[in-house]
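Here are my notes on the model you sent, set out as numbered points. They begin with the chain as a whole and then turn to its sheets and to one pair of helices.

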Amino acid sequence: MGVRAAATKLHISPSAAAATRRPTFLPLVAVALLCCASYLLGVWHHGGFSSPTSSPSVSIATAISCTTTPVRKKTPSPRSNSPALDFLPHHTAAGDLAAAVASSGSSPAAAPRRYRACPAKYSEYTPCEDVARSLRYPRERLVYRERHCPAGRERLRCLVPAPAGYRRPFPWPASRDVAWFANAPHKELTVEKAVQNWIRVDGDKLRFPGGGTMFPHGADAYIDDIAKLVPLHDGSIRTALDTGCGVASWGAYLLSRDILAMSFAPRDSHEAQVQFALERGVPAMIGVLASNRLTYPARAFDMAHCSRCLIPWHLYDGLYLMEVDRVLRPGGYWILSGPPINWRKYWKGWERSKEDLNAEQQAIEAVAASLCWKKVKEAGDIAVWQKPANHATCKASRKAAKSPPFCSHKKDPDAAWYDKMEACVTPLPEVSGANDVAGGAVKKWPQRLTAVPPRVSRGGVRGVTAKAFAEDTELWRRRLRHYKSVVAQFGQKGRYRNVLDMNARLGGFAAALAVAGDPVWVMNMVPTAGGNTSTLGVVYERGLIGSYQDWCEGMSTYPRTYDLIHADSVFTLYKNRCEMESILLEMDRILRPEGTVIVRDDVDMLVKVKSHADGMRWDSQIVDHEDGPLVREKILLVVKKYWTAQDQDQ
């Protein structure tokens with residue numbers, strides 16, 4: 001599908017026009033004739049007239065003055081002894097370019113490398129959760145289902161194809177209930193979960209009725225039952241964590257209540273459950289509770305949920321429940337449905353003994369009590385606990401009972417990139433009063449989106465003050481307006497749904513999209529490189545979601561996850577850490593066909609990025625910064641061409 005160009009209008013100020021003097025006629029004619037004669041003579045001297053090259057098939061912005069798009073060098077005629085003209089932009093990193101030319105022995109104007117397509121069997125390739133590689137690792141505590149990323153020669157150096165027949169997903173909100181079967185061609189769950197109303201095949205479509213193992217009457221009715229126990233309608237709950245999410249119907253139906261859920265599940269026997277969630281336009285990641293901490297900061301979620309998620313909460317000294325406690329905000333809620341809750345009613349259907357189920361529930365109750373959680377209520381199939389607002393009373397009451405201990409203050413509670421879980425209670429920040437909220441209370445949604453987050457107001461983020469936060473918020477509103485002026489797809493209703501910000505910092509880009517009312521959700525990634533990962537906590541305090549990520553590795557998601565990828569200074573950040581090619585190939589893997597990439601960086605870096613992008617079946621163009629052509633930082637706009645495994649060699 002072609003992409004419409006976004007027109008750029010040039011304006012001349014009235015004062016400048018008034019100051020312009022009317023030229024006389026004869027000098028203009030003389031100058032014009034001399035210019036034409038000189039041009040024609042030059043063309044004849046360098047080989048005569050040649051046919052113009054065809055224009056690019058896809059463009060997302062018109063040319064802007066002082067763009068840095070390289071121009072192909074014209075091949076000199078054999079009869080010409082003149083040296084070849086160099087049209088390469090001379091503000092590129094000349095040293096790097098010269099070194100590359102010297103090592104390859106090629107011309108500086110050589111065509112960019114053309115990346116080949118991977119075989120069709122890799123259409124659902126997830127590098128860090130590869131099923132074949134996972135078998136090398138221990139099965140104990142599901143360690144083999146954690147992230148295990150390839151290195152060196154194991155890495156794919158090709159473009160992951162879309163499956164044959166792939167189509168652009170339905171726009172939101174229709175996508176909540178329907179997806180194209182060709183995009184995720186799996187029927188396993190339609191058979192395995194047929195009686196539970198998860199998913200069914202309807203011709204060339206997949207239908208999601210909204211059912212679940214513990215909510216056969218639909219997610220809406222189930223959430224209404226939760227709302228009788230937890231305040232879901234007053235804006236106090238905005239971020240939620242769904243552990244073992246299935247096809248993420250719980251998170252899908254929370255969105256209409258202005259609650260944003262991060263859903264995760266492993267890549268396991270329930271084939272493609274996270275992929276289905278993403279096709280529906282619902283936030284989700286591949287993940288598992290095993291030995292590593294979840295890749296989120298402490299005090300991130302207002303609510304956590306498990307609906308028959310099969311996580312053994314009572315085992316390993318309550319380790320997994322302690323991890324949920326770490327990521328729950330003070331005063332946050334944990335909701336459990338399914339075994340062992342209401343075991344007296346379901347024990348026969350669960351094919352377990354009464355004694356076994358009762359012992360499991362008692363063990364869970366004991367772990368929750370050791371965390372100083374208060375049981376709000378158990379009603380029917382649902383049980384709810386609440387985390388305390390602070391640990392002042394908890395510490396006093398636990399002096400006698402020292403198991404589990406509080407974690408060492410030397411351990412950063414936010415550290416969560418391959419950091420191991422520990423059987424200890426993550427301490428909350430100190431408070432001055434018994435009723436204070438540890439770490440500071442957040443505003444209710446939507447005020448918390450733009451209010452100064454407690455981590456900022458309390459000096460918890462290095463170099464970020466309340467004033468700097470406000471300026472950053474306004475900066476990204478202005479930048480978003482510029483993006484919309486040069487990217488035509490922003491004007492197409494439903495064009496974007498799943499958005500990735502590769503270097504989110506304070507979440508300003510996502511906040512600007514939310515304020516503008518765009519029907520999108522943004523996965524805000526905070527790179528582990530750069531040394532200021534504390535900003536991810538700010539992202540969550542704003543009522544947004546995200547994760548830590550090292551872009552030298554693959555992301556824990558399926559191919560073709562995102563409609564739009566935003567990369568602000570990512571390549572400068574990783575300049576000396578890993579290959580640019582690896583990052584770009586990963587971006588291509590997780591970008592949908594006809595998806596858009598917006599890259600902000602120094603102009604020299606963007607020229608290098610573009611040289612790779614031109615060989616990746618991407619159409620790209622460099623345009624000016626929102627503050628004009630004199631700013632070194634530029635913007636690279638990209639559209640990924642449509643192609644599938646069926647026509648990968650064309």
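1. A residue is called buried when its relative accessible area is under 20%, exposed when that area is over 50%, and partly exposed in between, with a 1.4 Å probe and protein chains only. Of the 650 residues of the chain, 53% count as buried. The model is predicted, so local features need pLDDT of at least 70 and side-chain atom pairs count only at pLDDT 80 or more, whereas totals for chains, interfaces and linings use all residues. Residues are numbered from 1 along each chain as its sequence is written, and side-chain values use heavy atoms, with hydrogens and water left out.

2. The chain holds 19 helices and 17 strands, these being DSSP runs numbered from the N terminus (helices H or I, at least four residues; strands E, at least two). Among contacts (heavy atoms within 4.5 Å) with a separation of 6 or more, 71% are made by residues 24 or more positions apart.

3. One open sheet has 7 strands in the order 6-5-4-7-8-10-9, with mixed pairing, where two strands pair if DSSP finds at least two bridges between them. Strand 6 (284-286) and strand 9 (374-379) each have a single partner strand, so one side of each is left without a neighbour in the sheet. Strand 4 (residues 239-243) and strand 7 (residues 301-307) run parallel and are joined by 3 bridges, and Ala-240 stands opposite Met-303 in strand 7. Helix 11 (residues 354-370) lies across strand 8 (328-337), strand 9 and strand 10 (382-386), at about 150 degrees to strand 9; angles run from 0 to 180 degrees between N-to-C directions, and axes are lines fitted to C-alpha atoms, for helices over the stretch in contact.

4. Another open sheet, also of mixed pairing, has 7 strands in the order 13-12-11-14-15-17-16, with strand 13 (545-549) and strand 16 (618-623) at its edges. Strand 12 (residues 521-527) pairs with strand 13 in the parallel sense over 5 bridges, and Met-525 has Ser-547 in strand 13 as its bridge partner. Helix 19 (residues 603-613) lies across strand 15 (591-602), strand 16 and strand 17 (633-640), running at about 155 degrees to strand 15.

5. The axes of helix 14 (residues 466-486) and helix 15 (residues 508-516) come within 8 Å and cross at roughly 70 degrees. Helix 14 is therefore roughly perpendicular to helix 15, a term used for angles of 65 to 115 degrees. Among the residues that meet are Trp-476 and Leu-480 in helix 14, and Phe-509 and Leu-513 in helix 15.

Technical notes. Angles under 35 degrees count as roughly parallel, over 145 as roughly antiparallel, 65 to 115 as roughly perpendicular and the rest as oblique.
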